[in-house]
Amino acid sequence: MPEIVGSVLMLLCLLQIKHLFADFFLQTPKMLSGRNVYLHAGRAQHAGVHALFSVVVFVIMGAPVGFILALCLAEWVVHFHIDFGKAHYSEKKELNPQQAVFWRAMGTDQCLHQLTYIAMTALWVKCLGV
């Protein structure tokens, strides 16, 4: 397997593990309540947890500090808005886990986060010539 393929797969695996913990194990009640309000401190903190753990991932992968800070700030903004979009839609439609549309919203949210990681990985390859 070419070295670049191994590096890309390693980065994507680390981002997947980071996402699992940040999205499903490390959310506090403050992060989960009132998420349909745009300027929600809990959502900002949640997006910050994602960005902070992405910093760790990219440090492990040997990316330069400037690249890491710019990329993870962009991830914070994107994650914040993806989560707001899902929360706003879910609140407006009064969704609950017994509805199929709830799960479609959840799946769309998760897909958008995964596409974010693919974009981050593509930037890592392109900008760093990995």
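# Working through a helical model

Helix α4 has 28 residues and runs 40 Å from its first C-alpha to its last, close to the 40 Å expected at 1.5 Å a residue. Keep in mind that this is a predicted model. Let's take its helices one at a time.

## Exercise 1: Look inside α4

Work out which residues of α4 are buried and what covers them.

**Solution.**
- Step 1: Pick out the residues under 20% relative accessible area. In α4 these are Phe67, Ile68, Leu71, Cys72, Glu75, His79, Phe80, Ile82, Asp83, Phe84, Ala87 and Ser90.
- Step 2: Look at what sits over them. The cover includes α1, α3 and α5.
- Step 3: Try a residue that isn't on the list. Lysine 86 lies in helix α4, and its relative accessibility is 24%, so it counts as partly exposed.
- Step 4: Find its partners. Setting aside neighbours within four places in sequence, lysine 86 is in contact with Ala105, Met106 and Asp109.

## Exercise 2: Check the length of α1 and α5

Compare the expected span of each helix with the distance between its end C-alpha atoms.

**Solution.**
- Step 1: Start with α1, residues 3–25. Its 23 residues at 1.5 Å each should span 33 Å. The end C-alpha atoms are 32 Å apart, which agrees.
- Step 2: Do α5 in the same way. With 29 residues, α5 should span 42 Å, and its end C-alpha atoms are 42 Å apart, so the two agree.
- Step 3: Glance past the end of α5. Glycine 129 follows, with a positive phi near 60 degrees.

## Exercise 3: Describe how α1 meets α5

Give the angle, the axis distance and the handedness of this pair, then say what kinds of residue make the contact.

**Solution.**
- Step 1: Recall the recipe. Two packed helices are described by the angle between their axes and the distance between the axes.
- Step 2: Fill in the values. α1 and α5 pack at about 145 degrees, and their axes are 10 Å apart.
- Step 3: Add the handedness: the crossing of α1 and α5 is right-handed.
- Step 4: Sort the residues of this contact. They divide into eleven nonpolar, seven polar and three charged.
- Step 5: Put some names to them. On the α1 side, the contact includes Leu11, Leu15 and Phe24, and on the α5 side Tyr117, Ile118 and Trp124 are among the residues met.
- Step 6: Check the wider packing. The buried residues of α1 pack against α3, α4 and α5, while those of α5 pack against α1, α3 and α4.

## Exercise 4: Zoom in on phenylalanine 24

Is phenylalanine 24 buried, exposed or partly exposed, and what is it in contact with?

**Solution.**
- Step 1: Place it. Phenylalanine 24 is in helix α1.
- Step 2: Use the accessibility. A relative accessible area of 45% makes phenylalanine 24 partly exposed.
- Step 3: List the contacts. Neighbours within four places aside, phenylalanine 24 is in contact with His19, Met106 and Gln110.
- Step 4: Compare sequence with space for one more pair. Phenylalanine 24 and isoleucine 82 are 58 residues apart in sequence, with their C-alpha atoms 16 Å apart.

## Exercise 5: Track down the salt bridges

How many salt bridges does the structure hold, and which parts does each one tie together?

**Solution.**
- Step 1: Remember the idea. Side chains of opposite charge can pair when their charged atoms come close.
- Step 2: Count them. The structure holds two salt bridges.
- Step 3: Take the pair of glutamate 75 and lysine 18, whose closest N and O atoms are 2.7 Å apart. Glutamate 75 is in helix α4 and lysine 18 in helix α1, so this pair ties together parts 57 residues apart in sequence. Glutamate 75 and lysine 18 are both buried.
- Step 4: Now take aspartate 83 and arginine 35, with closest N and O atoms 3.0 Å apart. Aspartate 83 lies in helix α4 and arginine 35 in the loop between α2 and α3, so the pair ties together parts 48 residues apart in sequence.
- Step 5: Check burial here too. Aspartate 83 is buried at 2% relative accessible area, and arginine 35, at 12%, also counts as buried.

## Exercise 6: Examine the backbone just after α4

What is the phi of glutamate 94, and is this residue buried or exposed?

**Solution.**
- Step 1: Locate glutamate 94 in the loop between α4 and α5.
- Step 2: Read the angle. Phi of glutamate 94 is near 55 degrees, a positive value in a residue other than glycine.
- Step 3: Set that against the general rule. Most residues other than glycine have a negative phi.
- Step 4: Finish with accessibility. At 64%, glutamate 94 counts as exposed.

Note on methods: Residues numbered from 1 in each chain as written. Predicted model: local features only at pLDDT ≥ 70, side-chain atom pairs only at ≥ 80, totals over all residues. Heavy atoms only, no water. Helix = DSSP H or I, 4+ residues; strand = E, 2+ residues; numbered from the N terminus. Expected span 1.5 Å × (residues − 1). Contact = heavy atoms within 4.5 Å. Axes fitted to C-alpha atoms, helices over the stretch in contact; angles between N-to-C directions. Left-handed = near helix turned anticlockwise from the far one by under 90°. Nonpolar A, V, L, I, M, F, W, Y, C, P; charged D, E, K, R; others polar. Salt bridge = Lys/Arg side-chain N within 4 Å of Asp/Glu carboxyl O. Buried < 20%, exposed > 50% of the residue type's maximum accessible area, 1.4 Å probe, protein only.
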